[in-house]
Amino acid sequence: MKEILLFHAPHCSMCEVMIPRVEEICKEKNIKLTLLYISDYYTIALLDKSPIRPCPTFIVLEDENITNQFNGVRTKEAFIKEMDENTNIQIDTKCQNCKVK
């Protein structure tokens, strides 16, 4: 089963654009969507040491494996295309870098 993790901040205008767009895509394609709020500077500072970039970052999971990660604003069509690309991303357990197989 496919799932999308959407990291966003309440003050982010790009996130405000993407949330309803991604909600619509997930509803149409029967994909689970998990919204993860990044709302404080401590969390943002922690993310600076990880491959996750806020405002907004999308992680695509398929059968609990990360298949893609991207961020920023996209049209609905561009989002679907990128979501369906399988880049086989692996995030190491120390969250310090991102490795592509």
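Here is a short walk through this structure, from its overall layout to its cores. Please keep in mind that the model is predicted.

Let us start with the building blocks. The protein holds six strands and three helices. If you follow the chain from its N terminus, these elements come in the order β-α-β-α-β-β-α-β-β. Of the 101 residues, 37% are buried. The outside of the protein exposes about 6300 Å², and 52% of that area is supplied by carbon and sulfur atoms. How much of the contact network links residues that lie 24 or more positions apart? Among contacts with a separation of 6 or more, such pairs account for 56%.

Next, look for the sheet. Four strands build an open sheet with mixed pairing, and their order is β2-β1-β3-β4. β2 and β4 (65-71) are the edge strands; each has a single partner, so one side of each has no neighbour in the sheet. From one strand to the next, the twist averages 20°. Inside this order, β1 and β3 run antiparallel to each other and are joined over six bridges. One pair to find here is I4, which stands opposite V60 in β3.

Now turn to the helix that packs on this sheet. α1 touches β1, β2 and β3, and its direction makes about 170° with that of β1. The helix covers residues 13-29, which is 17 residues in total. From its first C-alpha to its last it reaches 25 Å, close to the 24 Å expected at 1.5 Å a residue. Which residues of α1 are buried? They are C15, M18, I19, V22, I25 and C26. An α-helix has 3.6 residues a turn, so residues three or four places apart point the same way. That is a handy thought when you look at the numbering of M18, V22 and C26, which belong to the buried set. The buried residues of α1 pack against β1 (2-8), β2 (32-37) and β3 (57-62), and also against α3 (76-84). Just after α1 comes N30, with a positive phi near 55°.

With the sheet and helix in view, the interior is easier to follow. The largest nonpolar core has 14 residues, and the members that touch the most others are I4, V22, F58, F79 and M83. β1, α1, β3 and α3 each supply at least two residues of this core. Which element gives the largest share? That is α1, with five residues. I4 is a good place to pause: leaving aside residues up to four places away in sequence, its contacts include V22, C26, L33, F58, F79 and M83. There is also a second, separate core of five residues, with F7, I38, I59 and L61 among them.

Finally, visit the loop between β3 and β4, where D63 lies. The phi of D63 is positive, near 50°, although this residue is not glycine. Is D63 buried or exposed? Its relative accessible area is 53%, so D63 is exposed. E64 sits in the loop between β3 and β4 too. E64 likewise is not a glycine, and its phi is positive at about 70°. With a relative accessibility of 77%, E64 counts as exposed.

Definitions and conventions
Residues numbered from 1 in each chain as written. Predicted model: local features only at pLDDT ≥ 70, side-chain atom pairs only at ≥ 80, totals over all residues. Heavy atoms only, no water. Buried < 20%, exposed > 50% of the residue type's maximum accessible area, 1.4 Å probe, protein only. Contact = heavy atoms within 4.5 Å. Areas by Shrake-Rupley, 256 points an atom, 1.4 Å probe, with all protein chains shown as cover. Expected span 1.5 Å × (residues − 1). Pairing = 2+ DSSP bridges. Axes fitted to C-alpha atoms, helices over the stretch in contact; angles between N-to-C directions. Core = buried A, V, L, I, M, F, W, Y, C linked by side-chain atoms within 4.5 Å.
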